[in-house]
Amino acid sequence: MKILLLGKNGQVGWELQRSLASLGQLVALDRHSVDGLCGDLSDLDSLRATIRAVRPDVIVNAAAYTAVDKAESEAELASRVNGQASQVMAQEAASLGAWLIHYSTDYVFSGQGDTPWREADDVAPVNHYGASKLAGERAIIASGCKYLIFRTSWVFGARGNNFAKTMLRLAKDRETLNVIADQVGAPTGADLIADITALAIQQVVKRPELAGLYHLAAAGKVSWHGYACHVIDFAKAQGEELAVISVNPIDTTAYPTPARRPLNSRLNTQKLSENFSLHLPDWQSGVTRMLREVLDK
Ligand code: NDP
(Lines give C-alpha, C1' and ligand atoms only; values in the text may rest on other atoms or scores of the structure.)
Protein backbone atom coordinates (compact mmCIF):
# COMPACT_ATOMS: atom_id res chain seq x y z
CA MET A 1 0.00 0.00 0.00
CA LYS A 2 1.34 3.44 -0.96
CA ILE A 3 0.30 6.29 1.34
CA LEU A 4 0.62 10.01 0.63
CA LEU A 5 0.62 11.98 3.90
CA LEU A 6 0.08 15.74 3.69
CA GLY A 7 0.84 18.04 6.63
CA LYS A 8 3.48 15.74 8.12
CA ASN A 9 4.73 18.28 10.66
CA GLY A 10 1.45 19.32 12.29
CA GLN A 11 0.38 17.82 15.62
CA VAL A 12 -1.57 14.99 14.00
CA GLY A 13 0.72 14.73 10.97
CA TRP A 14 3.75 14.18 13.18
CA GLU A 15 2.09 11.28 14.99
CA LEU A 16 0.82 9.88 11.68
CA GLN A 17 4.39 9.58 10.42
CA ARG A 18 4.84 7.03 13.22
CA SER A 19 1.49 5.24 13.07
CA LEU A 20 1.31 4.91 9.27
CA ALA A 21 4.91 3.78 8.78
CA SER A 22 4.13 0.09 9.24
CA LEU A 23 1.17 0.08 6.83
CA GLY A 24 3.14 0.49 3.63
CA GLN A 25 5.32 2.88 1.64
CA LEU A 26 4.86 6.35 3.10
CA VAL A 27 5.46 9.55 1.09
CA ALA A 28 5.21 12.33 3.68
CA LEU A 29 5.15 16.01 2.74
CA ASP A 30 4.92 19.32 4.50
CA ARG A 31 4.13 22.61 2.74
CA HIS A 32 7.57 22.74 1.13
CA SER A 33 8.46 21.12 -2.18
CA VAL A 34 10.81 18.16 -2.25
CA ASP A 35 11.94 16.04 -5.23
CA GLY A 36 9.45 17.85 -7.47
CA LEU A 37 6.55 17.05 -5.13
CA CYS A 38 4.58 19.91 -3.61
CA GLY A 39 2.61 19.61 -0.36
CA ASP A 40 1.41 23.22 -0.30
CA LEU A 41 -2.39 23.07 -0.16
CA SER A 42 -2.73 26.68 -1.27
CA ASP A 43 -1.15 25.75 -4.64
CA LEU A 44 -4.01 23.70 -6.08
CA ASP A 45 -2.42 22.92 -9.46
CA SER A 46 0.82 21.66 -7.88
CA LEU A 47 -1.16 19.65 -5.33
CA ARG A 48 -3.06 17.94 -8.16
CA ALA A 49 0.16 17.25 -10.07
CA THR A 50 1.77 15.81 -6.94
CA ILE A 51 -1.07 13.34 -6.34
CA ARG A 52 -0.92 12.30 -10.00
CA ALA A 53 2.85 11.78 -9.74
CA VAL A 54 2.72 9.76 -6.50
CA ARG A 55 -0.38 7.70 -7.45
CA PRO A 56 -1.12 6.70 -3.83
CA ASP A 57 -3.56 4.04 -2.68
CA VAL A 58 -4.39 6.22 0.32
CA ILE A 59 -4.16 9.99 0.78
CA VAL A 60 -4.06 11.10 4.42
CA ASN A 61 -4.61 14.82 4.76
CA ALA A 62 -3.41 16.16 8.11
CA ALA A 63 -2.68 19.63 6.68
CA ALA A 64 -5.15 22.41 7.34
CA TYR A 65 -5.43 26.12 7.92
CA THR A 66 -5.96 25.89 11.71
CA ALA A 67 -5.47 29.51 12.87
CA VAL A 68 -9.07 30.00 13.99
CA ASP A 69 -8.88 33.73 14.73
CA LYS A 70 -6.67 34.61 11.76
CA ALA A 71 -9.11 32.81 9.45
CA GLU A 72 -11.57 35.65 10.02
CA SER A 73 -9.22 38.06 8.20
CA GLU A 74 -7.68 35.48 5.82
CA ALA A 75 -10.95 33.93 4.72
CA GLU A 76 -9.89 33.35 1.13
CA LEU A 77 -6.72 31.47 2.09
CA ALA A 78 -8.53 29.41 4.75
CA SER A 79 -11.18 28.45 2.19
CA ARG A 80 -8.59 27.47 -0.39
CA VAL A 81 -6.58 25.28 2.03
CA ASN A 82 -9.51 23.74 3.94
CA GLY A 83 -12.12 23.71 1.19
CA GLN A 84 -10.74 23.78 -2.34
CA ALA A 85 -7.62 21.69 -1.63
CA SER A 86 -9.85 19.01 -0.07
CA GLN A 87 -11.89 19.03 -3.27
CA VAL A 88 -8.74 18.56 -5.38
CA MET A 89 -7.63 15.62 -3.20
CA ALA A 90 -11.10 14.08 -3.40
CA GLN A 91 -11.30 14.43 -7.19
CA GLU A 92 -7.86 12.88 -7.62
CA ALA A 93 -8.64 10.10 -5.13
CA ALA A 94 -11.83 9.35 -7.08
CA SER A 95 -10.04 9.09 -10.39
CA LEU A 96 -7.27 6.91 -8.91
CA GLY A 97 -9.68 4.73 -6.95
CA ALA A 98 -7.71 5.75 -3.84
CA TRP A 99 -8.93 6.31 -0.28
CA LEU A 100 -8.96 9.83 1.16
CA ILE A 101 -8.57 10.12 4.94
CA HIS A 102 -9.36 13.61 6.18
CA TYR A 103 -9.88 15.47 9.47
CA SER A 104 -12.55 17.95 10.39
CA THR A 105 -13.81 19.64 13.51
CA ASP A 106 -16.68 20.05 15.96
CA TYR A 107 -16.55 23.72 14.85
CA VAL A 108 -18.90 22.75 12.00
CA PHE A 109 -21.63 22.82 14.69
CA SER A 110 -23.34 25.81 16.30
CA GLY A 111 -22.17 24.88 19.80
CA GLN A 112 -25.65 25.17 21.26
CA GLY A 113 -27.05 22.86 23.92
CA ASP A 114 -25.16 20.32 25.96
CA THR A 115 -25.80 17.08 24.10
CA PRO A 116 -22.78 15.48 22.40
CA TRP A 117 -23.05 16.04 18.63
CA ARG A 118 -23.81 13.08 16.38
CA GLU A 119 -22.56 12.82 12.81
CA ALA A 120 -26.00 13.44 11.30
CA ASP A 121 -26.81 16.52 13.42
CA ASP A 122 -27.41 19.82 11.66
CA VAL A 123 -24.30 21.87 11.00
CA ALA A 124 -24.10 25.65 11.49
CA PRO A 125 -20.54 26.93 11.90
CA VAL A 126 -20.11 30.12 13.94
CA ASN A 127 -16.78 31.19 12.44
CA HIS A 128 -14.96 31.15 9.12
CA TYR A 129 -12.61 28.30 10.10
CA GLY A 130 -15.63 26.09 10.80
CA ALA A 131 -17.27 27.12 7.53
CA SER A 132 -14.09 26.37 5.56
CA LYS A 133 -13.75 22.94 7.18
CA LEU A 134 -17.41 22.21 6.40
CA ALA A 135 -16.79 23.15 2.76
CA GLY A 136 -13.97 20.59 2.71
CA GLU A 137 -16.21 17.86 4.15
CA ARG A 138 -18.92 18.59 1.62
CA ALA A 139 -16.53 18.57 -1.33
CA ILE A 140 -15.16 15.17 -0.28
CA ILE A 141 -18.60 13.66 0.21
CA ALA A 142 -19.84 15.04 -3.13
CA SER A 143 -16.80 13.75 -5.05
CA GLY A 144 -17.77 10.10 -4.97
CA CYS A 145 -14.31 9.06 -3.69
CA LYS A 146 -13.81 6.45 -0.96
CA TYR A 147 -13.29 8.45 2.22
CA LEU A 148 -13.04 8.55 5.97
CA ILE A 149 -13.58 11.94 7.59
CA PHE A 150 -12.82 12.19 11.30
CA ARG A 151 -14.28 15.19 13.09
CA THR A 152 -12.24 15.78 16.21
CA SER A 153 -11.88 18.44 18.92
CA TRP A 154 -9.39 20.17 21.23
CA VAL A 155 -6.31 18.43 19.78
CA PHE A 156 -3.06 18.42 21.75
CA GLY A 157 0.33 16.92 21.01
CA ALA A 158 3.54 16.69 23.02
CA ARG A 159 5.27 18.45 20.13
CA GLY A 160 4.69 22.15 19.55
CA ASN A 161 2.48 24.45 21.55
CA ASN A 162 -0.71 23.40 23.23
CA PHE A 163 -3.14 24.69 25.85
CA ALA A 164 -1.62 22.60 28.68
CA LYS A 165 1.89 23.90 27.99
CA THR A 166 0.58 27.47 27.87
CA MET A 167 -1.14 26.99 31.24
CA LEU A 168 2.06 25.57 32.78
CA ARG A 169 4.09 28.49 31.47
CA LEU A 170 1.62 31.08 32.77
CA ALA A 171 1.27 29.26 36.12
CA LYS A 172 5.03 29.63 36.67
CA ASP A 173 4.83 33.43 36.37
CA ARG A 174 1.39 34.47 37.58
CA GLU A 175 -0.50 34.09 40.86
CA THR A 176 -3.90 34.36 39.18
CA LEU A 177 -5.17 32.82 35.95
CA ASN A 178 -8.58 33.46 34.36
CA VAL A 179 -9.74 30.57 32.20
CA ILE A 180 -12.93 30.05 30.16
CA ALA A 181 -15.38 27.75 31.93
CA ASP A 182 -18.40 27.74 29.61
CA GLN A 183 -16.81 25.96 26.61
CA VAL A 184 -16.92 22.21 27.09
CA GLY A 185 -15.21 19.47 25.08
CA ALA A 186 -12.73 16.62 25.32
CA PRO A 187 -8.98 17.21 24.92
CA THR A 188 -7.89 14.63 22.34
CA GLY A 189 -4.30 13.51 21.82
CA ALA A 190 -2.78 13.70 18.34
CA ASP A 191 -1.27 10.27 19.11
CA LEU A 192 -4.72 8.79 19.74
CA ILE A 193 -6.03 10.26 16.47
CA ALA A 194 -3.05 8.89 14.56
CA ASP A 195 -3.34 5.42 16.12
CA ILE A 196 -7.06 5.22 15.37
CA THR A 197 -6.43 6.44 11.81
CA ALA A 198 -4.00 3.57 11.20
CA LEU A 199 -6.41 1.02 12.70
CA ALA A 200 -9.29 2.41 10.66
CA ILE A 201 -7.32 2.33 7.39
CA GLN A 202 -6.45 -1.32 7.97
CA GLN A 203 -10.11 -2.17 8.50
CA VAL A 204 -11.68 0.02 5.83
CA VAL A 205 -9.52 -1.27 2.97
CA LYS A 206 -10.90 -4.73 3.75
CA ARG A 207 -14.43 -3.53 4.51
CA PRO A 208 -15.22 -0.52 2.25
CA GLU A 209 -18.74 -0.34 3.64
CA LEU A 210 -17.18 1.29 6.73
CA ALA A 211 -16.39 4.44 4.70
CA GLY A 212 -17.96 7.66 5.95
CA LEU A 213 -17.97 10.48 8.46
CA TYR A 214 -17.02 9.76 12.09
CA HIS A 215 -16.62 11.65 15.34
CA LEU A 216 -13.28 10.91 17.00
CA ALA A 217 -12.54 12.34 20.43
CA ALA A 218 -11.36 11.10 23.80
CA ALA A 219 -14.07 10.04 26.25
CA GLY A 220 -15.43 12.35 28.94
CA LYS A 221 -15.81 16.11 28.99
CA VAL A 222 -14.28 19.12 30.66
CA SER A 223 -14.21 22.90 30.34
CA TRP A 224 -11.02 24.79 29.53
CA HIS A 225 -11.07 25.86 33.19
CA GLY A 226 -11.36 22.26 34.39
CA TYR A 227 -8.59 21.26 31.97
CA ALA A 228 -6.32 24.03 33.31
CA CYS A 229 -6.98 22.96 36.93
CA HIS A 230 -6.19 19.34 36.02
CA VAL A 231 -2.89 20.36 34.43
CA ILE A 232 -1.85 22.60 37.32
CA ASP A 233 -2.83 20.09 40.02
CA PHE A 234 -0.90 17.37 38.20
CA ALA A 235 2.19 19.58 37.85
CA LYS A 236 2.07 20.53 41.54
CA ALA A 237 1.75 16.88 42.52
CA GLN A 238 4.89 16.20 40.46
CA GLY A 239 6.78 18.81 42.48
CA GLU A 240 6.76 21.62 39.88
CA GLU A 241 7.29 25.04 41.42
CA LEU A 242 4.37 27.20 40.33
CA ALA A 243 3.50 30.79 41.29
CA VAL A 244 -0.21 30.32 40.66
CA ILE A 245 -2.55 30.55 43.65
CA SER A 246 -5.97 30.84 42.04
CA VAL A 247 -7.42 29.67 38.71
CA ASN A 248 -10.63 31.62 38.16
CA PRO A 249 -13.48 30.48 35.89
CA ILE A 250 -14.64 33.13 33.41
CA ASP A 251 -17.28 33.24 30.67
CA THR A 252 -16.41 33.30 26.96
CA THR A 253 -17.90 36.81 26.81
CA ALA A 254 -15.17 38.03 29.18
CA TYR A 255 -12.46 36.98 26.67
CA PRO A 256 -13.35 38.45 23.26
CA THR A 257 -11.59 36.97 20.22
CA PRO A 258 -11.87 37.75 16.49
CA ALA A 259 -13.60 34.38 15.88
CA ARG A 260 -16.60 33.21 17.88
CA ARG A 261 -16.16 29.80 19.54
CA PRO A 262 -18.89 27.16 20.01
CA LEU A 263 -19.71 26.49 23.68
CA ASN A 264 -20.63 22.85 23.19
CA SER A 265 -17.74 20.92 21.60
CA ARG A 266 -18.86 17.50 22.88
CA LEU A 267 -18.76 14.78 20.20
CA ASN A 268 -20.71 11.53 20.36
CA THR A 269 -18.27 8.81 19.26
CA GLN A 270 -20.62 5.83 19.37
CA LYS A 271 -20.58 5.29 15.58
CA LEU A 272 -16.77 5.08 15.49
CA SER A 273 -16.57 2.76 18.52
CA GLU A 274 -19.21 0.42 17.18
CA ASN A 275 -18.19 0.27 13.51
CA PHE A 276 -14.48 -0.18 14.22
CA SER A 277 -14.79 -2.06 17.56
CA LEU A 278 -12.73 0.59 19.33
CA HIS A 279 -12.51 1.78 22.90
CA LEU A 280 -11.86 5.49 23.30
CA PRO A 281 -9.89 6.24 26.48
CA ASP A 282 -10.85 9.14 28.76
CA TRP A 283 -9.22 12.49 28.08
CA GLN A 284 -7.27 12.42 31.34
CA SER A 285 -5.14 9.44 30.32
CA GLY A 286 -3.86 11.15 27.17
CA VAL A 287 -3.26 14.44 28.95
CA THR A 288 -1.36 12.66 31.74
CA ARG A 289 0.95 10.96 29.22
CA MET A 290 1.60 14.28 27.49
CA LEU A 291 2.24 16.07 30.83
CA ARG A 292 4.71 13.40 31.96
CA GLU A 293 6.63 13.89 28.70
CA VAL A 294 6.54 17.68 28.99
CA LEU A 295 7.46 17.81 32.69
CA ASP A 296 10.33 15.32 32.27
CA LYS A 297 12.12 17.72 29.90
P1 NDP B 1 -1.74 21.80 13.22
O2 NDP B 1 -2.04 23.26 13.14
O3 NDP B 1 -0.86 21.27 14.29
O4 NDP B 1 -1.15 21.30 11.84
C5 NDP B 1 -1.65 21.74 10.63
C6 NDP B 1 -0.54 21.55 9.61
O7 NDP B 1 -1.04 22.04 8.37
C8 NDP B 1 0.72 22.33 9.94
O9 NDP B 1 1.83 21.48 9.83
C10 NDP B 1 0.75 23.42 8.88
O11 NDP B 1 2.04 23.72 8.43
C12 NDP B 1 0.02 22.75 7.77
N13 NDP B 1 -0.47 23.71 6.79
C14 NDP B 1 -1.09 24.88 6.99
N15 NDP B 1 -1.31 25.50 5.82
C16 NDP B 1 -0.79 24.70 4.86
C17 NDP B 1 -0.68 24.77 3.46
N18 NDP B 1 -1.13 25.81 2.78
N19 NDP B 1 -0.08 23.75 2.82
C20 NDP B 1 0.41 22.69 3.48
N21 NDP B 1 0.35 22.56 4.81
C22 NDP B 1 -0.25 23.56 5.49
O23 NDP B 1 -3.16 21.08 13.24
P24 NDP B 1 -3.58 19.71 13.91
O25 NDP B 1 -2.56 18.66 13.66
O26 NDP B 1 -3.99 19.99 15.29
O27 NDP B 1 -4.91 19.43 13.06
C28 NDP B 1 -5.07 18.27 12.26
C29 NDP B 1 -6.49 18.27 11.73
O30 NDP B 1 -7.41 18.25 12.83
C31 NDP B 1 -6.87 19.49 10.89
O32 NDP B 1 -7.70 19.09 9.83
C33 NDP B 1 -7.66 20.36 11.85
O34 NDP B 1 -8.57 21.19 11.16
C35 NDP B 1 -8.35 19.31 12.68
N36 NDP B 1 -8.73 19.76 14.02
C37 NDP B 1 -7.80 20.32 14.86
C38 NDP B 1 -8.17 20.75 16.12
C39 NDP B 1 -7.20 21.37 17.05
O40 NDP B 1 -7.58 21.66 18.20
N41 NDP B 1 -5.94 21.58 16.67
C42 NDP B 1 -9.55 20.60 16.60
C43 NDP B 1 -10.43 19.98 15.64
C44 NDP B 1 -10.02 19.57 14.41
P45 NDP B 1 2.87 24.94 9.03
O46 NDP B 1 3.25 24.51 10.41
O47 NDP B 1 3.99 25.07 8.08
O48 NDP B 1 1.93 26.11 9.05
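Here are three worked exercises on this predicted model, covering the ligand shell, the nonpolar cores and one loop residue. Residues are numbered from 1 along each chain as its sequence is written. Local features need pLDDT of at least 70, side-chain atom pairs count only at pLDDT 80 or more, and totals for chains, interfaces and linings use all residues, while side-chain values use heavy atoms, with hydrogens and water left out.

**Exercise 1. Work out what surrounds the ligand.**

Step 1: start with the shell, where a residue is near if one of its heavy atoms lies within 4 Å of the ligand. There are 23 such residues, and R31, L41, T66, Y129 and K133 come nearest.

Step 2: sort them by type. You get ten nonpolar, ten polar and three charged residues (Ala, Val, Leu, Ile, Met, Phe, Trp, Tyr, Cys and Pro are nonpolar; Asp, Glu, Lys and Arg are charged; the others, Gly among them, are polar).

Step 3: look for polar contacts, meaning pairs of N or O atoms within 3.5 Å. Y129 puts a polar side-chain atom 2.6 Å from a ligand oxygen, and D40 has one 3.1 Å from a ligand nitrogen. With Y103, a polar backbone atom is 3.3 Å from an oxygen of the ligand.

Step 4: check the cover. On its own the ligand has 900 Å² of accessible area (Shrake-Rupley method, 1.4 Å probe), and the protein covers 79% of that.

**Exercise 2. Find the nonpolar cores and follow Y227.**

Step 1: define a core as a set of buried Ala, Val, Leu, Ile, Met, Phe, Trp, Tyr and Cys residues joined through side-chain atoms within 4.5 Å. Buried means under 20% relative accessible area (1.4 Å probe, protein chains only).

Step 2: pick out the largest core. It has 60 residues, with V60 and Y227 making the most contacts inside it. Helix α6 (residues 190-206) contributes the largest share, nine residues.

Step 3: list the partners of Y227. Leaving out residues up to four places away in sequence, Y227 touches F156, F163, A164, P187, V222, W283, V287 and M290.

Step 4: don't stop there, as a separate second core of 32 residues includes Y65, A93, L100 and Y129.

**Exercise 3. Is S110 buried or exposed, and what does S110 touch?**

Step 1: place S110 in the loop between β6 and α4.

Step 2: S110 counts as buried because its relative accessibility is 18%.

Step 3: find its partners. The S110 side chain reaches the backbone nitrogen of Q112 at 3.2 Å. Beyond four places in sequence, S110 is in contact (heavy atoms within 4.5 Å) with W117, A124, V126 and P262.

Terms used
Buried < 20%, exposed > 50% of the residue type's maximum accessible area, 1.4 Å probe, protein only. Helix = DSSP H or I, 4+ residues; strand = E, 2+ residues; numbered from the N terminus. Polar contact = N/O pair within 3.5 Å; in protein donor to acceptor, adjacent residues only side chain to side chain.
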